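Thanks for coming, everyone. I would like to spend a few minutes on some packing details, so please have the sequence and the structure open as I go.

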Amino acid sequence: MCLAWGARKWTDLPDPSSGEARTPLFRSFGLLLCVPLLSALPTHVLGQADASRHPGTSDQVYLVIRTDDAGMSHSVNMALEKLIATGLPVSVSVMFPTPWYQETVEILKRHPDVSVGIHLTLNSEWKNYRWGPILGRTAVPSLVDADGYFFPSTEALHQNHPNLKEVEMELRAQIDRALHSGLKIDYVDYHMGTAVHYPEFRDLTERLAREYGLGMSRYFGEASHDPQYSAAPPNKTDSLVAMIDRLRPQFNLVVTHVGIDNEELAALLDMNTSDPLPDMSKNRQGELNALTSQRFSDALKARNVHLITYRQLISMQGLKSMKRPEDNN
């Protein structure tokens with residue numbers, strides 16, 4: 001099915017430059033890091049914070065590191081802490097219906113300069129480890145299977161003929177939980193793409209983002225990358241380093257999934273696809289290792305890539321600049 005989305009702009013969104021000021025990373029970034037860590041950080045990390053103040057020339061390369069599935073499990077949260085501890089500017093997408101989201105909130109409250117997004121969730125894809133809607137099965141019965149859990153795939157949900165009003169109710173509940181958590185929320189994105197996969201879902205998600213004054217990932221013209229996802233664990237660093245040379249001027253996004261290779265994560269089996277990645281815990285550990293590697297840091301510095309967060313990107317571009325991606329990704 002072909003869908004002609006075009007390049008529709010959202011002109012009715014509030015612009016942060018004329019409303020509530022968004023605190024850029026450079027104002028307090030250094031306060032969160034001890035002196036030994038500051039002295040040990042690569043130059044490219046320490047220099048990123050000025051990007052939101054000085055957007056730079058049209059040939060400047062910017063990269064947003066977005067890490068997904070925060071709150072999914074304790075091992076994912078522990079990997080998230082390790083990633084944040086490097087000092088890399090990161091944007092963290094939190095799954096607010098999942099069992100470990102409260103731990104994620106505690107972690108992120110200790111790191112207020114991390115940009116936080118809502119990983120809008122309508123699926124639960126892991127065998128023997130499931131979650132359901134915040135509102136409960138009786139409030140949104142068309143969104144759940146016979147056991148009251150979200151369906152494991154986008155298609156399985158669609159085949160159940162979800163009621164769009166129930167989808168809206170649940171997504172609102174997730175946004176409200178996020179806003180009431182005490183975290184500063186900057187943007188939304190979509191677990192497994194489900195919340196934007198169908199035209200009526202995308203229209204709804206865009207409307208909610210407008211209403212709540214939030215950015216949407218991939219709506220700022222970011223070229224999206226995730227080559228490391230399908231690379232074998234030992235090759236993920238090579239994949240990320242090679243990606244750096246392919247980044248185009250202006251804005252880029254790399255979507256990551258980190259975790260600790262332990263018994264908790266190793267027990268999970270992905271039911272979402274007929275060809276799941278084997279050894280998911282090793283793959284997520286591999287992504288963490290690649291992102292925190294010296295080779296990745298050196299590659300960013302060599303290409304003069306400026307790392308920014310979604311909070312900074314929104315401050316630079318303004319919410320009014322958002323437009324639906326033409327490739328509908």
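The crossing of helices H6 and H7 is right-handed, and I should say at once that this is a predicted model. H6 covers residues 164-179 and H7 covers residues 199-212, and the two pack at an angle of about 35 degrees with their axes 11 Å apart. On the H6 side the contact involves Leu164, Val167, Glu168, Leu171, Arg172, Ile175, Asp176 and Leu179, which meet Glu200, Phe201, Leu204, Thr205, Arg207, Leu208, Glu211 and Tyr212 of H7. Sorted by class, that contact comprises 9 nonpolar, 1 polar and 6 charged residues.

Let me turn to the second helix pair. H3 packs against helix H4, residues 101-109, at an angle of about 10 degrees, with 10 Å between the axes; since angles under 35 degrees count as roughly parallel, H3 and H4 are therefore roughly parallel to each other. From H3, the residues making this contact are His74, Asn77, Met78, Leu80, Glu81 and Ile84, while H4 contributes Glu103, Thr104, Ile107 and Leu108. Here the division is 5 nonpolar, 3 polar and 2 charged residues.

That leaves one residue, Ser73, which sits in the loop between strand S1 (61-70) and helix H3 (74-85). Is Ser73 buried or exposed? Its relative accessibility is 2%, so Ser73 counts as buried. The side chain of Ser73 makes a polar contact, at 3.1 Å, with the side chain of Ser75, and, if we set aside neighbours within four places in sequence, Ser73 is in contact with Trp100, Tyr129, Glu264 and Leu265.

Methods. Residues are numbered from 1 along each chain as its sequence is written. This is a predicted model: local features need pLDDT of at least 70, side-chain atom pairs count only at pLDDT 80 or more; totals for chains, interfaces and linings use all residues. Side-chain values use heavy atoms; hydrogens and water are left out. Axes are lines fitted to C-alpha atoms, for helices over the stretch in contact, and angles run from 0 to 180 degrees between N-to-C directions. Helices (H or I, at least four residues) and strands (E, at least two) are DSSP runs, numbered from the N terminus. A crossing is left-handed if the near helix is turned anticlockwise from the far one by less than a right angle, and right-handed if clockwise. Contact means heavy atoms within 4.5 Å. Ala, Val, Leu, Ile, Met, Phe, Trp, Tyr, Cys and Pro count as nonpolar, Asp, Glu, Lys and Arg as charged, and the others, Gly among them, as polar. Buried means under 20% relative accessible area, exposed over 50%, partly exposed in between (1.4 Å probe, protein chains only). A polar contact is a pair of N or O atoms within 3.5 Å; within protein, one must be able to donate a hydrogen and the other to accept it, and residues adjacent in sequence count only if both atoms are side-chain atoms. Angles under 35 degrees count as roughly parallel, over 145 as roughly antiparallel, 65 to 115 as roughly perpendicular and the rest as oblique.
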